[in-house]
Amino acid sequence: MLKGYGAVILEGTWLTLQLALASMALAIVLGLIGVAIRLSPVRWLAWLGDLYSTVVRGIPDLVLILLIFYGGQDLINRVGPLLGYDEYIDLNPLGAGICTLGFIFGAYLSETFRGAFLGIPKGQAEAGAAYGMSRFQVFRRVQVPQMVRLAIPGFTNNWLVLVKATALISVVGLQDMMFKAKQAADATREPFTFFLTVAALYLLITSVSLLVLRYLEKRYSVGVRAADL
C-alpha cells in the first residue's frame, strides 16, 4: 500500500513525537516563567509578560517559524565573527523547531496558567498560611495541585494544536512525517495515499493524547467531585 515507504513514514513519526514532546516541555517552562512575570507586583515585569503573550499570539505560527529560523541563523552568523568564530553556523532544524514551538506555545500556556492561578480562591492560600505553612509550602501543596486541575482543559487544547503545528516545521527542512510523506508522494505520484496516512497518524496521536489527558483531568478532579456531592 505504501510502496516500501512505511518504515520511512514511521521514522518521521518518531521525529514528530520527539519534536512535540520537547517543544511542550520547553513551553511549560516558558509558560510558568511567563505567568510568574505577568502576576508579578512589579509593573514593568507584568507589562513585559503581557507583551510576550500578546505579540506571540498575534503573529501566525508559520511567520514566527520562518522569522526565528532564518532570522536567528542570520543573527548568529553575524555575531559569530565578532566573537572570533568565522565558520558558518547552520542551525539544526530539530533544535530550531523545538525552540520555536516552545517559544510560541509558552505564550499560550502563560495565558492558560494565568487563568488557572486566578481561578484559585484566595482563601486557599490564607488557610494554608493559617496552618503554619510557608509561602513555598502553600504554593507547592495548595496552589499548584489546584492550578494543574484548572489548567488541564486549556493545556489539552494547546497540546493538540502544538501536535498539529509540528507539520509546519517541515518547511525549514526537518524530516518529520510530513516531510517524508511529501518525498514519498513526489516519488510515487500518489499524494492522496501518503497525506491520508499522515492525517491518520496525527489523528492517532491526538486521540491517544486526549485519553491520557482526560484521565489526568479526572484524577485531579476526584476530591473536588466528591466534595460537590
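**Exercise 1. Classify G119 by accessibility and place it in the fold.**

Solution. At 45% relative accessibility, G119 counts as partly exposed, because the class runs between the limits of 20% and 50%. The model used here and below is a predicted one. Next, find the segment: G119 sits in the loop that links α4 and α5. Finally, take a distance from this loop. Between the C-alpha atoms of G119 and Q175 there are 41 Å, for a separation of 56 residues along the chain.

**Exercise 2. Describe the overall architecture of the protein.**

Solution. Start with the secondary structure, which consists of nine helices and zero strands. In sequence order the pattern therefore reads α-α-α-α-α-α-α-α-α. Then take the extent: the C-alpha trace spans about 70 × 55 × 25 Å along its principal axes. For burial, 37% of the 229 residues are buried. For contact order, consider the contacts with a separation of 6 or more; 78% of them join residues 24 or more positions apart.

**Exercise 3. Identify the centre of the largest nonpolar core and the helices that build it.**

Solution. The core has 46 residues, and those touching the most other members are M24, F105, M147, W159, I169 and F194. Helices that each supply at least two residues to this core are α1 (6-38), α2 (43-58), α3 (61-82), α4, α6, α7 and α8. The greatest contribution comes from α4, with 10 residues. In soluble globular proteins, nonpolar side chains tend to be buried together.

One of the most connected members can be followed further. With neighbours within four places in sequence set aside, M147 is in contact with L32, F113, A116, F117 and I120.

**Exercise 4. Characterise the largest pocket: its volume, its lining and the source of that lining.**

Solution. Rolling a probe the size of a water molecule over the atoms shows where empty space is left. The volume of the largest pocket is about 520 Å³. Its lining comprises 14 residues, and A125, R135, V138, F139 and Q143 lie nearest the centre. Sorted by class, the lining has nine nonpolar, two polar and three charged residues. Sorted by helix, at least two lining residues come from each of α4 (93-118), α5 (122-130) and α6 (135-165). The largest share is that of α5, at five residues.

**Exercise 5. Compare the settings of T188 and R189, at the end of α7 and beyond.**

Solution. T188 belongs to helix α7, which covers residues 177-188. Its relative accessible area is 18%, so T188 is buried. Within the helix, the T188 side chain reaches the backbone oxygen of A184 at 2.8 Å. Beyond four places in sequence, T188 touches K3, Y5 and F194.

R189 lies in the loop between α7 and α8. With a relative accessibility of 75%, R189 counts as exposed. Now check the backbone. Most residues other than glycine have a negative phi. R189 has a positive phi, near 60 degrees.

**Exercise 6. Is S170 buried or exposed, and which residues does S170 contact?**

Solution. S170 is placed in the loop between α6 and α7. A relative accessible area of 16% makes S170 buried, because the limit for that class is under 20%. Leaving aside neighbours within four places in sequence, the residues in contact with S170 are D176, M178 and F179.

**Exercise 7. Use two residue pairs to relate α6 and α8.**

Solution. Begin with L210, which is in helix α8 (residues 191-220). L210 is partly exposed at 24% relative accessible area. From L210 to W159 the C-alpha distance is 9.5 Å, although the two are 51 residues apart in sequence. Residues touched by L210, not counting those up to four places away, are T156 and L160.

The second pair starts from K164, in helix α6. K164 is exposed, at 55% relative accessible area. The C-alpha atoms of K164 and Y202 are separated by 7.2 Å, with their positions 38 residues apart along the chain.

Conventions
Residues numbered from 1 in each chain as written. Predicted model: local features only at pLDDT ≥ 70, side-chain atom pairs only at ≥ 80, totals over all residues. Heavy atoms only, no water. Helix = DSSP H or I, 4+ residues; strand = E, 2+ residues; numbered from the N terminus. Buried < 20%, exposed > 50% of the residue type's maximum accessible area, 1.4 Å probe, protein only. Polar contact = N/O pair within 3.5 Å; in protein donor to acceptor, adjacent residues only side chain to side chain. Contact = heavy atoms within 4.5 Å. 1 Å grid on protein atoms, 1.4 Å probe; cavity = no way out; pocket = protein on both sides within 12 Å on 5 of 7 lines; lining within 4 Å. Points joined across faces, edges and corners; volume = space filled by probe spheres on them. Nonpolar A, V, L, I, M, F, W, Y, C, P; charged D, E, K, R; others polar. Core = buried A, V, L, I, M, F, W, Y, C linked by side-chain atoms within 4.5 Å.
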